[in-house]
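Biologist: Before I rely on the terms used for this model, I should like to hear the reasoning behind them. May I put my questions to you in turn?

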Amino acid sequence: MDVPLLSVRDLTIDFVADAGSFRAVDGISFDIPRARTVALVGESGSGKSVTAQAILRILPKVARITGGTLLFQDPTSRQPPVDIARLDPDGKAMRALRGGRIAMIFQEPMTSLSPLHTVGDQVTEALILHREVSAAEAKERAVEVFARVGFPDPRRALVTYPFELSGGLRQRAMIAMALITQPALLIADEPTTALDVTTQAQILDLIRELQAETHMSVLLITHDLGVVANMADEVVVMYRGRIMEAGSREDIFRRPQHPYLRALLRAVPRFDMKPGERLTPIREVKSDILASRLQRAKPAEANGPVLVAENLCKTYTLRSGWFSGKMRTIHAVNGVSLSLARGGTLGLVGESGCGKTTVSKMIMRALTPDSGRVLYDDGSGPRDVHQLEGEALKAYRRAVQFVFQDPFSSLNPRMTVYEILTEPLRIHRIGTPDERFERAKQLLDMVGLDRRSLRRYPHSFSGGQRQRLGIARALALEPRVLLCDEPVSALDVSVQAQVLNLLKDLQAALGLSYLFVSHNLAVVDYIADTIAVMSRGYIVEEAPKATLFRNPIHPYTQALLAAVPDPDIDRPLDFAKLKTDRFSDPALWPEPFRLRAGETGAMMEIEPGHKVRLTSVTLKEAA
Amino acid sequence: MIRYLARRLFTMAVTLLIISALVFFIIKLPPGDFLTNQIAELRAQGEAASAAKAEFLIKQYGLDKPVWEQYLVWLGVWPGPQGFSGLLQGNWGWSFEFDKPVAEVVGDALWLTLLVNLAVVIFVHLVSIPIAIYSAIRQYSVGDYLATFVGYLGLATPNFLLALILLFYSNRWFGVSIGGLYDPQYANEPWSWGKVQSLLAHLVVPTLVIGFAGTAAMIRRMRANLLDELGKQYYVTAKAKGLPPMKALLKYPFRMSLNPFIADIGNLLPHLVSGSVLVSLVLSLPTVGPLLLGALKTQDQFLAGFILMFVAVLTVVGMLISDLLLAWLDPRIRLGGEAR
């Protein structure tokens, strides 16, 4: 058998801090064969990114390789393999490897590129560093690579700045930068986590194609088992700095051995889940109060929807550049109508920038719609939210609460848990200090956190725990409706299952209604009853969950469904189908769905509860 | 671009107009003016002849007119005793204290001030940027602590005290005469090579003194900015490309960390004129700062008014320059608005 491209043996990495040292990677060994893809899977904190940084020797200052070898055999040279772990990280030999033979792409394509330099500058820089080429030659080569990675106008890309590009194109620029030197090994650290599903599928496809062309090896670091199932030849599962299980993709998905891996596989929401089937989080949240409430809970009497949005529209005006006075109008939300059933969950799905967050903010009355209205019914009849004043408005504020996406920035780091949980009560002058204290303890119980955490600060909690704190805070005022804006997209899979289950339990126990905004269809599928799909400010399709997945009509919905990588190797992504960008531009949708500029079309009910947006002309013909 | 500039120039003009009104009326707020005070004094001493001359000046400059009329005449949009003759026509008025036109009083002082302070600015940047880069990449090293310590010393030492000490030793060791910007022998001489040399020798002490505190502050800010940028992902990307550490640092994080300083240029320019009054007094530098102080104290209205207006013009122009520079250096500002 061939010598592997990179052979990691007994790699140990320690973080040295004032408080003592911490072993981030503990004696791991694996091989990266030539022209194959190895996936390194694990939760955050498992040491997978640290391993990648060690291979490039760009570890943070406090981290040190304290043992093991990293033998790199360059396929283009006859030299014996080099031990990367023994090289000087800033030395000439290491710098020649870094970027030249081993290249890396990162998770966040916005922050990974410098906003002050053009994409062309940053891409050619890599080539000029490692090859004897002139600036003009480098530019020529860059144009070729830009064309290869799918830039619509490769020459223009040379003089484009990163912030002028969409997330997907930015990641393509990163890939161009990594591949321009034709490296032997590409390390991709969560390359698609920050992208929309459809874009993710395209980027993954691109990496696969490029690998087939150049025979490079890929080390893919990810927490998404769906991505692994579609990309990897070999899989290495890491947990707390150790390898739990390693093997071929077949072995890992068909015959998982280690309990951790099995648990991880069970924690991912899948499309083929039976109705009522629960995810099994790795660490289950336990709450006595919730359990007892669950037993006493009775289904909410369904008398009309609790929230109704009618024909909401919102436009933004942008000035397109500092020096030009040109104005552009963006239709962020275009005639959106929604209805949230009492005690039910409405899932709102769409790519970033489709207007879903704007909708939730208008419902919360943080933004005023240009036209249309939001009706809230607390049992006494529907009232227009944007007309409410005084006491009625305060009551609405209590009834509708928000759960945010980022559990790190949505909690004030200077406030203790007690202050965070009781602040809503103080603002609304509810209860005496003693009652508030009791309420805070009860809230902690509900979300399965220790009552003794009241005096702690948010930074001492993990991401999942913080998100549970955010939920507890939203529950403090006993709301009827929770608006959840991507509440699990910043969390690990294992923690995601835990939070999703918690939300489900809370809904059953407290009779809450959720508007659940997400870009992840599998997650929405797990939690929602009805799903509305949004694209470019329009609702394009709306249906009960089962119907939507059984019979998606709209081309955009179909693309969205096809793009979700399933952690099941028998159901690979259909990359060919997702190649074009056509499904996110309303003017390119096939008839009868096409919406030309200025056209809004109309929703048509094709079966009970299942509505699709069609061109108005088509509707008239039908009538 | 041209529309933007036109808009900016228009708002600048409006701003300056408002500032000029404020300046004039605030100078006029205390009762009386330079001449009436002088007349009262002369009358008390029984020198009626001088008093008569002063009263002639009052007529000449219209100090007996209402304040708003004086303001408009000063501005040059209202006919005064000599017709339209004010700031807009380039007539900066008469300094009663020096009994000379303002232009003559201020003349040399203006550009000497600019020279001293320009030297200070260059000194500050030359010294503090390398030190800041060093202490940012070697955070918590001995060198970093040393730079921090010296920086705090610089911030805490009273300028005038340092000025006196340095004056004393430069006189003792290098024979540089005390005070002023050149040796007394050149005071009323025309410019010659010897005078320039003397000027350069005398520049050292004020530059060091005025620059010391500024350097300390700049090191602290630059270090903090750089440390923020060093943690950013794009710097990791640059290193992952295989760039040598120093090149990566200068091309990416350093350039990002410059932004706040460019935005500061607007504040820097007026500071050049009015920032170092105390030190200028102690070192008896012939700069604008002490002149302004004196003019304000004696209500020498045209002199004070002109200096204040000059500072205002510098501020407004400085802001424009820093905005244009920022746009030139930072594409996000130049092309932004579309993004996100």
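The exchange below takes up salt bridges, accessibility, a surface patch and a pocket.

Modeller: Please note at the outset that this is a predicted model.

Biologist: What makes the contact between A:Glu438 and A:Lys441 a salt bridge?

Modeller: The rule asks for a side-chain nitrogen of Lys or Arg within 4 Å of a carboxyl oxygen of Asp or Glu. Here the N to O distance is 3.5 Å, so the pair satisfies the rule. By this rule the count comes to 35 salt bridges over all chains.

Biologist: Why are A:Glu438 and A:Lys441 said to be separated by about one helical turn?

Modeller: Both belong to helix 16 (residues 433-446) of chain A, and they are so described because they are 3 residues apart in that helix.

Biologist: Is A:Lys441 called buried or exposed, and why?

Modeller: Buried means under 20% relative accessible area. A:Lys441 has 18% relative accessibility and therefore counts as buried. Its partner A:Glu438 has a relative accessible area of 44% and is therefore partly exposed, since that class lies between 20% and 50%.

Biologist: How do you know that A:Arg550 and A:Glu607 form a salt bridge, and what does the pair tie together?

Modeller: Their side chains meet at 4.0 Å, N to O, and the definition accepts a separation within 4 Å. A:Arg550 lies in helix 20 (residues 545-550) of chain A and A:Glu607 in strand 21 (residues 602-607) of chain A, so the pair ties together parts that are 57 residues apart in sequence.

Biologist: Why do A:Arg550 and A:Glu607 receive the labels they do?

Modeller: A:Arg550 has a relative accessible area of 59%; the label exposed requires over 50%, so A:Arg550 is exposed. A:Glu607, at 23% relative accessibility, counts as partly exposed.

Biologist: What makes B:Asp264 and B:Arg221 a link between distant parts of the chain?

Modeller: B:Asp264 and B:Arg221 form a salt bridge, with their closest N and O atoms 3.2 Å apart. B:Asp264 is in helix 12 (residues 259-274) of chain B and B:Arg221 is in helix 8 of chain B, 43 residues apart. B:Asp264, at 26% relative accessibility, counts as partly exposed, and B:Arg221, at 40%, also counts as partly exposed.

Biologist: What joins A:Asp14, A:Arg23, A:Asp26 and A:Arg242 into one network?

Modeller: These four residues are joined by salt bridges that share partners.

Biologist: Why can B:Phe160 belong to a nonpolar surface patch?

Modeller: Patch residues need over 30% relative accessible area and no salt bridge. B:Phe160 has 37% relative accessibility and counts as partly exposed, so its area passes that cut-off. The patch covers about 870 Å², and its members include B:Phe160, B:Trp173 and B:Leu278. Helix 7 (residues 159-174) of chain B supplies the largest share, 7 residues.

Biologist: Why is B:Val23 called buried?

Modeller: B:Val23 has 11% relative accessibility and therefore counts as buried, the limit being under 20%. B:Val23 lies in helix 1 (residues 2-28) of chain B.

Biologist: How do you know which residues and which helix stand out in the lining of the second largest pocket?

Modeller: The second largest pocket has a volume of about 1,300 Å³ and is lined by 36 residues. Among those nearest its centre are A:Pro60 and B:Lys239. Helix 9 of chain B gives the most to the lining, with 4 residues. The lining residues divide into 21 nonpolar, 6 polar and 9 charged.

Key:
Residues are numbered from 1 along each chain as its sequence is written. Chains are lettered from A and ligands numbered from 1 in the order in which they are written. This is a predicted model: local features need pLDDT of at least 70, side-chain atom pairs count only at pLDDT 80 or more; totals for chains, interfaces and linings use all residues. Side-chain values use heavy atoms; hydrogens and water are left out. On a 1 Å grid over the protein atoms alone, a cavity is a set of points where a 1.4 Å probe fits but cannot get out, and a pocket is an open set with protein on both sides within 12 Å along at least five of seven lines; lining residues have an atom within 4 Å of a point. Grid points are joined across faces, edges and corners, and a volume is the space filled by probe spheres set on the points. Helices (H or I, at least four residues) and strands (E, at least two) are DSSP runs, numbered from the N terminus. Ala, Val, Leu, Ile, Met, Phe, Trp, Tyr, Cys and Pro count as nonpolar, Asp, Glu, Lys and Arg as charged, and the others, Gly among them, as polar. Patches are made of residues with over 30% relative accessible area and no salt bridge: like charges are joined within 9 Å, nonpolar side chains (Val, Leu, Ile, Met, Phe, Trp, Tyr) within 5 Å. Accessible areas come from the Shrake-Rupley method with a 1.4 Å probe; for residues, only the protein chains shown count as cover. Buried means under 20% relative accessible area, exposed over 50%, partly exposed in between (1.4 Å probe, protein chains only).
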